Amino acid sequence: MSGGEKPGLRFECTQCGRCCTNHGEYSHVYLGDREVAALALLLGLSEREFERKYTFIDEDGWTQLTIANDQCVFLGPNGVCGVYAARPVQCRTFPFWRDFVEDGKWTVDVRDLCEGVGRGPSWSRDEAERLMIEMEGSDPDS
Ligand code: SF4
Ligand code: SF4
């Protein structure tokens, strides 16, 4: 992460872990083939074994990470992601999602969801846009 030109969007993750827990419509972590491959490699599993242990196929046929006890299976103590180096695109780009930015400002929704928005370094519009495009590219509906 890095800061950038003004005005930008301020964000700094506090590792509260809230985005990795179940809260309504934002409780899904979708995985594409490349994300499955990266996570399996990180964990030293075959892709099939990884999928069997940590994912499920939803009603639309998409692969999702398992949510157990209302949190992602990889969320560890103190809000630490157990697969940080290979975390899925939607985790890596959060909260820089198109739905969460309006007129160059964070929406109320994301302010309610993530305590890291509005604090810390300012991210440039270019950085924010790059992450939003990356996220859109991983969206199963896109
Ligand atoms: S909700 Fe925000 S501050 Fe909390 S872990 Fe997620 S990104 Fe970080
Ligand atoms: S993979 Fe890591 S960052 Fe993504 S939801 Fe799970 S614990 Fe959170």
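Let me begin with one residue, D103, which is exposed, because 5 other C-beta atoms lie within 10 Å of its own, and a residue counts as exposed if that number is 12 or fewer. D103 sits in the loop between β7 and β8, the latter being residues 105–106, and its phi is near 50°, a positive value in a residue other than glycine. I should say at once that what we are looking at is a predicted model, and every value I mention was computed from it.

Why pause over the sign of one angle? Most residues other than glycine have a negative phi, so a positive one deserves a second look. Q15 is another case, with a positive phi of about 60° although it is not a glycine. Q15 lies in the loop between β1 and β2, and it is exposed, with 11 other C-beta atoms within 10 Å.

While we are on the backbone, which two residues are joined by a cis peptide bond? They are F94 and P95, and omega for that bond is about 5°. Most peptide bonds are trans. P95 itself is placed in the loop between α3, which covers residues 89–93, and β7, which covers residues 101–102.

Let me now step back to the whole chain. There are five helices and nine strands, and if you walk along the chain from the N terminus, the elements come in the order β-β-α-α-β-β-β-β-α-β-β-α-β-α. The C-alpha atoms fill a box of roughly 45 × 30 × 25 Å along the principal axes. For 142 residues a compact globule would have a radius of gyration near 14 Å, and the chain has 15 Å, which agrees. Buried residues make up 22% of the 142 residues. If we take the contacts in the chain with a separation of 6 or more, 70% of them are accounted for by residues 24 or more positions apart.

Turning to the strands, I would like to show you an open sheet of three strands, which has the order β2-β4-β3 with antiparallel pairing. Here β2, residues 30–31, and β3, residues 55–57, stand at the edges, and because each has a single partner strand, one side of each is left without a neighbour in the sheet. Between β2 and β4, the latter being residues 63–65, there are two bridges, and these two strands run antiparallel. If you want to find one such bridge in the structure, look for L31, whose bridge partner in β4 is T63.

Strand β4 also holds L65, and this residue leads us to the interior. Is L65 buried or exposed? It is buried, since 24 other C-beta atoms lie within 10 Å, where 20 or more are required. Leaving out residues up to four places away in sequence, L65 touches V29, L31, Y54, T55, C72 and V73. The largest nonpolar core has 24 residues, and L65 and C72 are those with the most contacts inside it. Among the elements that give two or more residues to this core are β1 (9–11), α1 (33–43) and α2 (47–54), and towards the other end of the list β9 (117–123) and α5 (125–138). For a sense of distance, L65 and L113 are 48 residues apart in sequence, and their C-alpha atoms are 20 Å apart in space.

An in-between case is T107, which is partly exposed, with 16 other C-beta atoms within 10 Å. T107 is found in the loop between β8 and α4, residues 108–113, and, apart from its neighbours within four places in sequence, it is in contact with F100, V101 and E102. The C-alpha atoms of T107 and R119, twelve residues apart along the chain, are separated by 14 Å.

Finally, the ligands. What surrounds ligand 2? Its shell consists of C20, V29, C72, F74, L75, C81, V83, R87, P88 and C91, and by class that makes nine nonpolar, no polar and one charged residues. You will recognise C72 from the core and V29 from the contacts of L65. Around ligand 1 there are 13 residues, the closest being C13, C16, C19, C114 and G116. That shell divides into six nonpolar, five polar and two charged residues.

Key
Residues numbered from 1 in each chain as written. Chains lettered and ligands numbered in written order. Predicted model: local features only at pLDDT ≥ 70, side-chain atom pairs only at ≥ 80, totals over all residues. Near = placed C-beta within 6 Å. Nonpolar A, V, L, I, M, F, W, Y, C, P; charged D, E, K, R; others polar. Core = buried A, V, L, I, M, F, W, Y, C linked by C-beta atoms within 7 Å. Helix = DSSP H or I, 4+ residues; strand = E, 2+ residues; numbered from the N terminus. Contact = placed C-beta atoms within 7 Å. Pairing = 2+ DSSP bridges. Rg over C-alpha atoms; globule rule 2.2 N^0.38 Å.
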